[in-house]
Amino acid sequence: NNGTFGTLGSEIEDTITGEAIPSCIYPKNTDLVYLWVAAIWIGAVVGRDTLVSVGNEDFYVTRKFWPVEYDGEDLQEPRGFKMRSIDLNSPFYHPDAYSEQDIICEYADTLDDPAVVQSDNTDNRPHRPLGVKVTQRSMAWSYSYADDFILFDYQLENVGQKKLEDVFIGVYVDGDVWHTTRNSPEGWNDDIV
């Protein structure tokens, strides 16, 4: 819930299973890794300035989006996430689900405290937020015709006081490929994607 997917080679714990989260391993349980990190980037003109907020920018590891906290409807849900499923047998069954595994989170770029949000490395000025809140829903299925992709749906809301013009949205991807048994989990040196 910070505008990224992928682990940057870090050990990130799954809040449901307690195990390390893989970073885009496919096929499942093969240790073939296809992603270092990916992140949403949003840019817009605010007044006379062009501003950009990023979930991650891998060279300087700049992060501008931070979680928007809210209570899940189910005690089994990890903090900051809503889990939904179309599967009637799932503990996360919900009539508003779109897939077998919907994971919903919210994050925003509204923080500007230099102790939390890095200054821009190009012009050395503090972060100037766009005032954007993102609701992200990832959707996954186990059906044979749909088990090799995950869909992401982003809903953006201007929660700031200023008008955003010429808004552009992109997804930054640092795609690396490696097999953890040959290159170790730090196999990021293979940029063949």
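This is a short tour of a few residues in a predicted model, taken one selection at a time.

Begin by selecting Q136, which you will find in strand 8, the run that covers residues 132-140. Colour the surface around this residue and ask whether Q136 is buried or exposed. Q136 is buried, because its relative accessible area is 7% and the cut-off for that word is under 20%.

Keep Q136 selected and show the side chain of Y107 as well, since the two side chains make a polar contact of 2.8 Å. Then widen the view to the other residues that Q136 touches: leaving aside its neighbours within four places in sequence, Q136 is in contact with I103, I104, C105, Y107, F152, D153 and Y154.

From that group, select C105, which counts as buried with a relative accessibility of 3%. For another cysteine, move to C24, which is partly exposed, because its relative accessible area of 42% falls between the limits of 20% and 50%. How many disulfides are counted in this model? The count comes to 0 disulfides, so no such link needs to be drawn when you display the cysteine sulfur atoms.

Finally, select L164, which lies in strand 10, a strand made of residues 164-174. Add G47 to the selection and draw a line between the two C-alpha atoms, which are separated by 8.0 Å although L164 and G47 are 117 residues apart along the chain. To complete the view, show the residues that L164 touches, which, not counting residues up to four places away in sequence, are A44, V45, V46, L130, V132 and N158.

Key. Residues are numbered from 1 along each chain as its sequence is written. This is a predicted model: local features need pLDDT of at least 70, side-chain atom pairs count only at pLDDT 80 or more; totals for chains, interfaces and linings use all residues. Side-chain values use heavy atoms; hydrogens and water are left out. Helices (H or I, at least four residues) and strands (E, at least two) are DSSP runs, numbered from the N terminus. Buried means under 20% relative accessible area, exposed over 50%, partly exposed in between (1.4 Å probe, protein chains only). A polar contact is a pair of N or O atoms within 3.5 Å; within protein, one must be able to donate a hydrogen and the other to accept it, and residues adjacent in sequence count only if both atoms are side-chain atoms. Contact means heavy atoms within 4.5 Å. A disulfide is a pair of cysteine sulfur atoms within 2.5 Å.
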